[in-house]
Structure formats: C-alpha cells, structure tokens
Amino acid sequence: MNFELSNFKLPSDGLNFFSKITFRRTLNTFKVVSSYYVSMLIKKPVQWGFPISISIEPTTSCNLRCPECPSGKREFTRPTGMLEKGFFKNTIDELYKETIYLIFYFQGEPYLNPDFLEMVKYASSKNIYTATSTNAHYLDDTNARKTVESGLDRLIISIDGTTQDTYEQYRVGGDLKKVIEGTENIIKWKKELRSKTPYIIFQFLVVKPNEHQIKDIEALAKTIGVNEVRFKTAQIYDYVNGNRLIPTIEKYSRYQKQKDGTYEIKNKMLNHCWKLWHSTVITWDGLVVPCCFDKDAKHQLGDLKDTSFKQMWKGTKYNAFRGSVLNSRSEIDICKNCTEGTKVWA
C-alpha cells in the first residue's frame, strides 16, 4: 500500500496505523466513503462524516529553494508565518475523535517551527497517526531524539539524489551530507530508545537530473537502515513546451509528449475527487483550502479564526466547491495540473 502527502492511502506500517482505529473513527470512515460514492451517483455533494485525514501547515518558511515549489521560490502571495501551538491544540480538540491521520505538512519546512515537535506530541497523545515530510537539514542529535520521543509515526525524508551534484539540482541550497547524517541520527535514537517509530521513508522525487540514480537510492536506504523508499512523480507548472525536469522514464512522468512536440497530463480529468470528501488542508494561519494543490490558498473555504471546522466542513461554501468538482472539474484552476484524487485507496 502507498501513501503520498497529497492523498490518503493505507500506510505500510499497518499494525501501528490500525492501532489508532476506534469504533467512532471506523463509523466516520464508513460515512465519508459512502458519502463520496452517493455524491458521484447522484451528481450532488453529500457529506455525512468528518475528515479522515488532515494536513496542517507548521510554517511556510523553508531553508531551500526548490525550483517547482512556491515556498522555495518565495512566490507566495499569502503571508509567511508559524502555526501557533494554542490554535493547533484547539483544532485537534475539535477533530481528533474522527480523524485518523494527521499530516504536519503543506508548504515549508516543519522543523523551522520551534513548537513543531510539541504539537506532534500533543496529537500523538490523542492517538492520531502522525506524519511529516522534511528536507532533514535540522535533524541534529537533539532534534532527532525529540522526534523519536514525540511519538511521530512516520517521517518522510526528501532525498532527490545520491551525490551532492545531483541532489542540489533540485534541492537548491541543500546539503546531502546533512540529510544522511540526520537520517542516521533518527535511526540511532530509535535504537537507543527502543522505539519502533517513526517509520522512515526516503522520498525520491524523480526528475530528469536524478533518474539515473533510482537504483542507487534503494541501495543507500538499505545501507543506512531506512524502512522504505518511495518514488514520487513531480508536479511541474511550466510543462506544455517541455521542461528540463520532466523525466525520460515514462513511468515516473505525469506528462506525455504529443505529436506536435508539446506535453499534456497523462490522466484524464474526471468529475470527482476523493480528497474533497476525506481530507482537508489547514494553513498555518487557520485558512481551510480544498487540497494540497491550492498552495497559495486561492480557494478559501473558511477561516478557523471565525468559524468552527465542523460547521465549515458541512457548510454552503465547502459543498459548493464539491459540487463544482462533480459538475466540471476541468474548469477549476488548481485541478488542471492534478493527476491524483480519484481513487479511494490503492
């Protein structure tokens, strides 16, 4: 089973995940799944449950300058800031009885938020499965120990190359040596503290400059003791006329070349999206947006500073957006470069 930050999928460390299941969360999952299929059948939005999965943004700040990332390119129109601990706790207190999966990530580098690991610990105390994605530059010995002690269930480490030259072609400003040392620190403290968590994943974003190192990253992960390697396809904004990052290995490309030399997205645009029924994304300052493709929070479905989440989730604005997806998803800007969201589990 696979898991990506942009879509809820059953995790590989299944025993740990299923230990988080309660009767109430199971019932809520049934309500969400049935709502989704009924909505597709009648072509009208129905929502009987609450989110199974939540992505919440610790910060929009980042130390790197990755070329296809709004945070890395410093292109946000929304403000940069840090998720506040008190606001986070209030949000979790409202949702933890139904929510199974909590992803501490949207944009930015989570470890730049000084309260990040305290928030992980709080969510873990509510028996929620917690995950984050990091570039691993801040996993020094102290932070590595705190990470293991926080109860974090899953740690996704972005490592897009096995040599510094290749790695920095996408992770601009990054230091591969720090990534490897940070990973080794986590593994060391898992052993020291006799902890099975976090489950460590090397996430390898396959782009043309690094596609020759696919086998190398698997070997490196095995040598270090990482639990798993995941290969992820890259979302590229300027793809129509080709792009230096589009891989030549078709399996790892979201785009295909047409007869006229231009590129198009492989997958067909279907008028439904599982994300809008099972998950939500919350920015550091409390804005609720449809999914992780709305990186600049253009489609704001509500503000948690003004409205409770549960009221918003089943409210007019959220259902209107679900309805627009069911009616004509191709007209929604954030959906035009999306190749995910239609499968419930895979």
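**Close-up views of a predicted model**

**View A. Phe231 is partly exposed, since its relative accessibility is 23%**. That value falls between the limits of 20% for buried and 50% for exposed. The model shown here and in the views below is predicted. Phe204, in contrast, has a relative accessible area of 0% and is therefore buried.

**View B. Aromatic pairs, of which the model has 15**. One of them joins Phe17 and Tyr129, with ring centres 5.6 Å apart and planes at 70°, an edge-to-face arrangement. Phe17 belongs to helix H1 (residues 14–18) and Tyr129 to strand E3 (residues 129–134), so that parts of the chain 112 residues apart are linked. Both Phe17 and Tyr129 are buried. A second pair is made by Phe204 and Phe231: the centres are 5.8 Å apart and the planes stand at 75°, so this pair is also edge-to-face. Because Phe204 is in strand E5 (residues 199–206) and Phe231 in strand E6, the pair ties together parts 27 residues apart in sequence. Phe17 and Tyr129 further belong to a cluster, linked by ring pairs, that includes Phe18 and Tyr101.

**View C. Phe88 in the largest nonpolar core**. This core has 98 residues. Those with the most contacts inside the core are Phe88, Leu102, Phe104, Ile157 and Phe202. Helix H4 (residues 116–125) makes the greatest contribution, six residues. Apart from neighbours within four places in sequence, Phe88 touches Ile56, Leu83, Leu102, Phe104, Met119, Tyr122 and Ala123. Leu102 and Phe104 are thus contacts of Phe88 and are also named among the residues with the most contacts inside the core.

**View D. Lysine side chains over aromatic rings**. The charged end of Lys126 is placed over the ring of Tyr96, at 4.5 Å from the ring centre. Lys314 lies over the face of Phe50, and here the distance to the ring centre is 4.4 Å.

**View E. Helix H2, residues 23–42**. The helix has 20 residues and spans 28 Å from its first C-alpha to its last, close to the 28 Å expected at 1.5 Å a residue. Its buried residues are Arg25, Asn28, Thr29, Val32, Val33, Ser34, Ser35, Tyr36, Ser39 and Met40. The buried residues of H2 pack against two helices, H9 (275–278) and H11 (316–328). After H2 comes Lys43, which has a positive phi, near 65°.

**View F. Lys97 in the loop between helix H3 (85–95) and strand E2 (101–104)**. Lys97 has a relative accessible area of 42% and is therefore partly exposed. With neighbours within four places in sequence left aside, the contacts of Lys97 are Thr22, Arg24 and Arg25. Arg25 is one of the buried residues of H2. Pro198, 101 residues from Lys97 along the chain, has its C-alpha atom 22 Å from that of Lys97.

**View G. Arg254 in the loop between strand E6 (228–233) and strand E7 (255–257)**. The relative accessibility of Arg254 is 6%, so the residue counts as buried. The side chain of Arg254 makes a polar contact of 2.8 Å with the side chain of Thr233.

Technical notes: Residues numbered from 1 in each chain as written. Predicted model: local features only at pLDDT ≥ 70, side-chain atom pairs only at ≥ 80, totals over all residues. Heavy atoms only, no water. Helix = DSSP H or I, 4+ residues; strand = E, 2+ residues; numbered from the N terminus. Buried < 20%, exposed > 50% of the residue type's maximum accessible area, 1.4 Å probe, protein only. Polar contact = N/O pair within 3.5 Å; in protein donor to acceptor, adjacent residues only side chain to side chain. Core = buried A, V, L, I, M, F, W, Y, C linked by side-chain atoms within 4.5 Å. Contact = heavy atoms within 4.5 Å. Phe/Tyr/Trp six-rings, centres within 6.5 Å; stacked < 30°, edge-to-face > 60°. Lys NZ or Arg CZ within 6 Å of the ring centre and 35° of its normal. Expected span 1.5 Å × (residues − 1).
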